[in-house]
Amino acid sequence: MLTCRAISFRKFKFQRASVSRSTFSKCFMGMVNHTQPSTPSYKSLLSHHLKNHRLDEARVLLDQIPVPDVTLCTMMVTGYARNGRLGDALELFYEMPVKDIVCWNSMVKGCLDCGDLDMARKLFDEMPDRNVVSWTTMVNGFLQFGRVEVAERLFREMPARDVAAWNSMIYGYCGNGRVEDAMKLFEEMPRRNVISWTSMIGGLDQNGKSDEALFLFGKMVGSGVEPTSTTLVCVLTACANILDFHLGVQIHGQIVKVGYHFDEFISVSLITFYANCKQIENAYKVFHERMHKNVVVWTALITGYGSNCKHEDALKVFGDMIKIGVLPNQSSLTSALNSCCGLEALDRGKEIHSAGIKLGLETDVFVGNTLIVMYMKCGNLSDGIAIFKHIAEKNIVSWNSIIVGCAQHGCGLWTLTLFSRMIRARVDPDEITFTGLLSACSHSGMLQKGRCFFKYFSQDKSMVKLEHYACMVDVLGRCGKLEEAEELINDMPIKANYTVRLALLSASRMHSNIDVAERAAKHIFDLEPHCSAAYVLLSNLYASANRWGDVSRIRGKMKHSGVVKQAGSSWVTLKGLRHEFLSGDRSHPFSEKIYEKLDWLGGKLKELGYVPDQKFALHDVEVEQKEEALSYHSERLAIGFGLISTVEGSTITVMKNLRVCGDCHSAIKLIAKIVGREIIVRDSSRFHHFRNGNCSCGDYW
């Protein structure tokens, strides 16, 4: 038996397939070519006008023909429909004194293409005669609109079914998520062609059954059916989805032998396959086998670099694409913006945003959603909200992006207002919405709201996941309800993972509750013995309570277990370059100036009555050493760099991989007041906006 893992390519000989991509499409659309004698000059002129979307000129030409035949009129009807002018198409259709079956089929298909299923069905019912194309077109139309049961009934009523009709039904089943029904129909087919096999392979893969898709490809090979380039695209996509590197390389080898590697769709699939398998160098080689002018190929490489965290390379490819005159589309803009998110490069994100505006893509929902995420993640709340307002047709991703973004920035009331508008817009919330709402309640101290949301969403058991329990524990824990949080964990219908327990441990650290912390830590170490965050939180709790013996014990246990504490670091991205700092770091070229600026700020802080909070100095050393250590925490070094490297009055944005310490939080509020600037700090859980001696979190974080 052939399997998807070991397919013998000796079973068949690859050849250029007789079925082209355009023919493949036409099988599903139910159209066939039809010609009747007509004046060649009129026909060619009319075709030229329609091809170039000059519909009015085409109609003038048609009206000048003394007796236009049915073929010319059908061309005009089809041209109108393809350009969304269904009213004009229907008007001309009803004016035609003679209509053949091709004309009727074209008009039915035109209605479907323009989204008018009812009119298509009305015309279908009025047809004096129907052929297999008529039936297949209507079946495909119902499937296109998700009316699977009606399509099934029509399919069964068909007087005769050719292979294209069967293929259309299989394709429609898969497109509507009914892959088991598609497979059953595939097995019942009296005769199959390569399109049948390809439809079923692609349908299985698109419905999360990539292993079965590759197994079916093995059966296809064993049956002696020669795959087309379209088939191989589906197979490569399946290999990419389940990371079957060995089979994908086999397919690539055969593609090269038959010359399909110059097919742009094959190139896209190969680039995506290698990128998914973390072989980005091979993806780059595939891309550079020839010069590409197709934006889809460029987008595949940009996306591949981004998925492999090579964001600088992704943006370089995006720039090269524009330089050679290939205009970006929604997908390439989205991928480039995602890389800006990865680099936290707001300036470069704004440049790409400008390119999107010039191309008229700013209000596109996919580009807009990515812009919201980019601005929010880079600390620019106001621009993220402005983008959201400009998206004309908002989808669930739009609402989730703005809700989660506002929650991360601590704008709890805005988040609730947005959720109310989302419900009024009749957009159903999902798991991500739920996470955003609980996060907003956690960061804004809205205990009762958090309880209400959790109770409401818990009515649907499939909606509540482990991450939601972790969020709810965080809501309760931050409000000091540690016992209730612990009770919630113990009553969970599913076993709590270490993330849920870690939320309780973090809250215990915040409220200095050693008993609850020790119980939470014990559970975490049972589940995840090498969880460095749990060791650090417990050690810091002991240190703040001056239990230095326990601190030494925890640190000794970490060393014995090989657990390494994640170093706290902060960074500023400036002109595309990331400047990163560790606590007490003096490696930066501007260190001398940075420390001078911090020492100057230290004097100003004392004038304002600032006193370092030594409980955040987590080492058993003298007072002076504790104060010095606090003064040069990584976030302060990053702020010092921002102050000496940016224009007076501009906003400084600092990113930190861990939670900002309480003493630094107090100091940064005063620093923002001293320098007269807004300072934005994003730590591991949220954004803090410091202005005029205050923080957006209201000292609740």
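The legends below describe a predicted model in an overall view and several close-up views.

**Figure 1. Overall view of the chain, with its helices and strands.** The predicted model counts local features at pLDDT of at least 70 and side-chain atom pairs only at pLDDT 80 or more, whereas totals for chains, interfaces and linings use all residues. Residues are numbered from 1 along each chain as its sequence is written, and side-chain values use heavy atoms, with hydrogens and water left out. The chain contains 37 helices and six strands, where helices (H or I, at least four residues) and strands (E, at least two) are DSSP runs numbered from the N terminus. Taken along the principal axes, the box filled by the C-alpha atoms of the chain is roughly 100 × 60 × 50 Å. Of the 701 residues in the chain, 52% are buried, a class that means under 20% relative accessible area, with exposed over 50% and partly exposed in between (1.4 Å probe, protein chains only). Among the contacts in the chain with a separation of 6 or more, 64% come from residues 24 or more positions apart, a contact being heavy atoms within 4.5 Å.

**Figure 2. Close-up of the aromatic pair Phe287 and Trp298.** The structure holds 19 aromatic pairs, and the rings of Phe, Tyr and Trp (its six-membered ring) pair if their centres lie within 6.5 Å, with planes under 30 degrees apart counted as stacked, over 60 as edge-to-face and the rest as tilted. Phe287 and Trp298 form an edge-to-face pair, at 4.8 Å centre to centre and with 80° between the planes. Because Phe287 lies in helix H17 (residues 280-287) and Trp298 in helix H18 (residues 295-307), the pair ties together parts that are eleven residues apart in sequence. Both Phe287 and Trp298 are buried.

**Figure 3. Close-up of the aromatic pair Phe419 and Phe453.** The rings of Phe419 and Phe453 are arranged edge-to-face, with 5.6 Å centre to centre and 85° between the planes. This pair links distant parts of the chain, since Phe419 belongs to helix H25 (residues 412-424) and Phe453 to helix H27 (residues 447-457), 34 residues apart. Phe419 counts as buried because its relative accessibility is 10%, and Phe453 counts as buried because its relative accessibility is 12%. One aromatic cluster is formed by Phe434, Phe454, Tyr456, Phe457 and Tyr469.

**Figure 4. Close-up of helices H24 and H26.** Two packed helices are described by the angle between their axes and the distance between the axes. Helix H24 (residues 396-408) and helix H26 (residues 431-444) pack at an angle of about 15°, and their axes are 8 Å apart; here axes are lines fitted to C-alpha atoms, for helices over the stretch in contact, and angles run from 0 to 180 degrees between N-to-C directions. H24 and H26 are therefore roughly parallel to each other, in a scheme where angles under 35 degrees count as roughly parallel, over 145 as roughly antiparallel, 65 to 115 as roughly perpendicular and the rest as oblique. The crossing of H24 and H26 is left-handed, meaning that the near helix is turned anticlockwise from the far one by less than a right angle, whereas clockwise would be right-handed. On the H24 side, Ile396, Asn400, Ile403, Val404 and Ala407 meet residues of H26 that include Ile432, Gly436, Leu437 and His443.

**Figure 5. Close-up of helices H25 and H26.** H25 and H26 pack at an angle of about 155°, with 8 Å between their axes. H25 is therefore roughly antiparallel to H26, and the crossing of H25 and H26 is left-handed. Gly412, Thr415, Leu416, Phe419 and Met422 in H25 meet Thr433, Gly436, Leu437, Ala440 and Ser444 in H26.

**Figure 6. Close-up of two charges over rings, at Tyr595 and at Trp600.** A charge sits over a ring if NZ of Lys or CZ of Arg is within 6 Å of the ring centre and within 35 degrees of the ring normal. The charged end of Arg586 sits over the ring of Tyr595, 3.8 Å from its centre, and Lys597 lies over the face of Trp600, at 5.0 Å from the ring centre.

**Figure 7. Close-up of the loop residues Cys309 and Ser512.** Cys309, although not a glycine, has a positive phi of about 60°, and its place is in the loop between H18 and helix H19 (311-323). Cys309 counts as exposed because its relative accessibility is 62%. Ser512, likewise not a glycine, has a positive phi of about 55° and lies in the loop between helix H30 (498-510) and helix H31 (514-527). With a relative accessible area of 48%, Ser512 is partly exposed.
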